[in-house]
Structures are given as C-alpha cells and as structure tokens.
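Me: I would like to learn how to read side-chain packing in a model. Where do we start?

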Amino acid sequence: MKFPGSVLASVFLFVAETTAALYLSSTYRSGGDGMWQALTLLFSLLPCALVQLTLLFVHRDFSRDRPLVLLLHLLQLGPLFRCFEVFCIYCQSGHIEEPYVSITKKRQMPKNGFSEEVEKEVGQAEGKLFTHRSAFSRASVIQAFLGSAPQLTLQLYISALQQDVTVGRCLFMVLSLLSIVYGALRCNILAIKIKYDEYDVKVKPLAYVCIFLWRSFEIATRVIVLVLFTSVLKAWVVMVVLINFFSFFLYPWILFWCSGSPFPENIEKALSRVGTTIVLGFLTLLYAGINMFCWSAVQLKINNPDLISKSQNWYRLLVYYMLRFIENAVLLLMWYLYKTDIYMYVCAPLLILQLLVGYCTAILFMLVFYQFFHPCKKLFSSTVSEGFQEWLKCVCCHCRQRKSRESVGKADQRSIGDRDETPSSSKISSVPSQILNTEELCSA
C-alpha cells in the first residue's frame, strides 16, 4: 500500500501557514497596523473554513451521525484528525485481513500500439485511503488559491511599501509560495487522473520536479508583477483583477448556456437544486481563482457529468499563455512609467527583463513536461514538438505565399507599365516618319 505522503504534506502546509499567519497578525497588532492584521487573518481563516467544509463534503459527514468529527472541524482541527485517521488505517492495513475486496479494471499505457486491461483487488483500507487522498488534494487546491495566493500578494505588497522584510514575514511568504506551488501540482495530477480515469496512471519523480519548477516560476513572476503594478496604480488594479476574475468565472457558465443542456442534477444525490447551484458556483469561483495566478490544467465543463472536459485543447493553452505574457508585459510597462521613489535603487529595465525571462522559463518547463515527462504522452494525438513543427510549416507556407503574391503583384505592375509605354513609343516613332514623308513631298 502506498505511503500517504501527500496527506502529510497537505497537513504540514496547512498547520505551518496558519501558525505563521497568527504570529504575523500578532506582530501587526503590536505595531498598530490594524488593516494589515485584519487582512492577514481574513486570508488565513477563510480558506481554513473552506478546507473544513471540503473535507466534510467529500467524506459525506453531514449525513452521518458523527458529532465528535463535526466538533473537531468546527474547532479547525479537522485536518489533524483526518491525518491521524489516515495513519491509523495505514498502520493497521498489513495486520488485519479484509474479508471483502472490490475489483477495479484499469488499462495500461499502450505499448507498440496495444493496451492491456489489468484487474486489481482493492480492499476497504485502500479504498478509505484513496478517499482521504482525494479529499486532501482538493483541500490543498482550495487552500492554495483562495488563501495562500492572496496572502502572498498581500505580504509582498506590505514589504514593498515598508521597504523591509522581517524574518517572520519572509518565512510566511516562503510557506505561502510552497502552498501555492503544491496546490498547483495537485491540480495538475488531479487533471491527469480525471482525464485518463480508465488508465493506470503512474507519475514519475522527474515529472513532479518539472511541474514544481514550472509552477514556481509561473506563480512567483505573476505575483511579483501584480504587486509592482498595485504599488503604483492602486485604483487600476481593481479593474485588472475584476476583469480577470469575471472572465474566468463567467466563461464556463456562458459555454453551458450556449450549449442548451439541462441543469446538472447528478453531482450529489443528497443535494437539492439550490445546493447543486451553490456547489457549482463554488467550483467556478475556485476555477477563476486558479486561473488568476496560473494555468488551471483543466477546463470546467458544467454540462459534463464529471464537470471536467477530458479533451486536450492545445489551442486554449497557447492562447492563455500568450495573453498572460502580454498582460504581464503591459503591467510591467505601466509600472515602469509610473514608478515612485520607493524603487529609486531598483534597476527597472533589468527587473522587467528578469520577470519576463522567468515567465518564459516557466513556459519552457511546461513544454518539457508535456514533451518528455507527461505520464500519458503516448495517448496524445500530437506531441509538443510535432505541433511546433506544424506551426513552423504553416508560418513558412504563409511567408512563401506572401512572397509569391508580392512577386506576382510586382510582375503585374511591370506588365502594366510596359503596356502604358507601348503606345507612347509608337507615337514618337511616327513623328520622324511623318517628317520623312513631308521631305519626300517637297523634293517631288
């Protein structure tokens, strides 16, 4: 049975970040910064409550008679209790023989064009561990993008205004960045397992390293760009955030309304129509929060029973990163034009270049992951290199057609010019002939 390391990592980040937030808020209180204290507590306690609700929802504890569990979640101790329960199940799994097992069928990755279907026995303990891993993965994504991401932006903004980074704030920002990167990594793994649910997916360690580097560069550069822009244009950042948020929040609903599909009723049997609407609204809120800072790796599809589009859309990925790169460049340009005296000792052109190169580095690691380390790359209809070669061919063909059109246009202009010159030459040549004719008549 696989060691529940992901559960341990999720609980560690949850406890460490909450503890650091409480300590930092106490320092803000002692320093008389009431607004920073309130915002720090808000971005810490709100995701804590959402994590408790997520764990209760995934384990269906609302419909079960477990008052102690509900009390622990109410006291914000739910993740610690769940972690203790996970390790109890893991330690007892090898000592107790399970009378009932279920059989699952998974297809292996195709080899030489053929894919075999393998049956696997899954005991009750392993099934419970799978449920716990799934719950903690979703909780990590919620904590990362609804708590850690705005928290990191806030603390970096405070550091830029005060021109000082304390040890406690630096540690807190490092923990928040690790939480966001880990949440983005879990989002990638969840997307892969949902899209290729019928296959036995095994992610290699190098794939984790590549995703970690990709997400680290992408999120770090994005947060720094937002903080720099906010520090000089506070009013305009509200418009930028609202445009980004509502674009991604409304996009799945617009696709759903355009499809004409009926309202989904099969998300959870115990939920009413109002409850289903609340769950879908929360999912689109999370989807918008993820795409605010990085690529979500999934396309939310409300009219799909799984709520996730299983098709690999390279065009949407390309458009997202192109628009995000242009947006970052524009925000950095605005910061450079309106920067204040607090950036007097900062080499602005060098900083802009470093941030743009850092974002391009994130894109490079993403391409490396999809080309070499994606666990299901054999199922792709076309790889990244093949798509890049096709794009180069299209560009070359377009350039050749444009050159040929220009050469044909120049040839047509020359032929028209030659036609225009022909009658004038005939007129000129007729003049001496007329003179010769008059001379002949005079001599006669």
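**Ring pairs and confidence**

Reply: Start with phenylalanine 3, which is partly exposed (between 20% and 50% relative accessible area, 1.4 Å probe, protein chains only; buried is under 20%, exposed over 50%), at a relative accessible area of 44%. This is a predicted model, where local features need pLDDT of at least 70, side-chain atom pairs count only at pLDDT 80 or more, and totals for chains, interfaces and linings use all residues. Residues are numbered from 1 along each chain as its sequence is written, and side-chain values use heavy atoms, leaving out hydrogens and water.

Me: Which type of pair do the rings of phenylalanine 3 and tyrosine 90 form?

Reply: Rings of Phe, Tyr and Trp (its six-membered ring) pair if their centres lie within 6.5 Å; planes under 30 degrees apart are stacked, over 60 edge-to-face, the rest tilted. Here the centres are 5.6 Å apart and the planes at 85 degrees, so the pair is edge-to-face. Tyrosine 90 is partly exposed too, at 25%.

Me: Why is the pair of tyrosine 321 and tyrosine 359 called tilted?

Reply: Their planes are at 50 degrees, with the centres 6.2 Å apart, so the pair is tilted. Both tyrosine 321 and tyrosine 359 are buried, and they belong to one aromatic cluster with Phe248, Trp295, Tyr320 and Phe325.

Me: Over which residues does pLDDT stay under 50?

Reply: pLDDT is the predictor's confidence in each residue, from 0 to 100. Where it is low, the predicted coordinates should not be read in detail. The stretch is residues 424–444, while the chain averages 82.

Key
Contact means heavy atoms within 4.5 Å.
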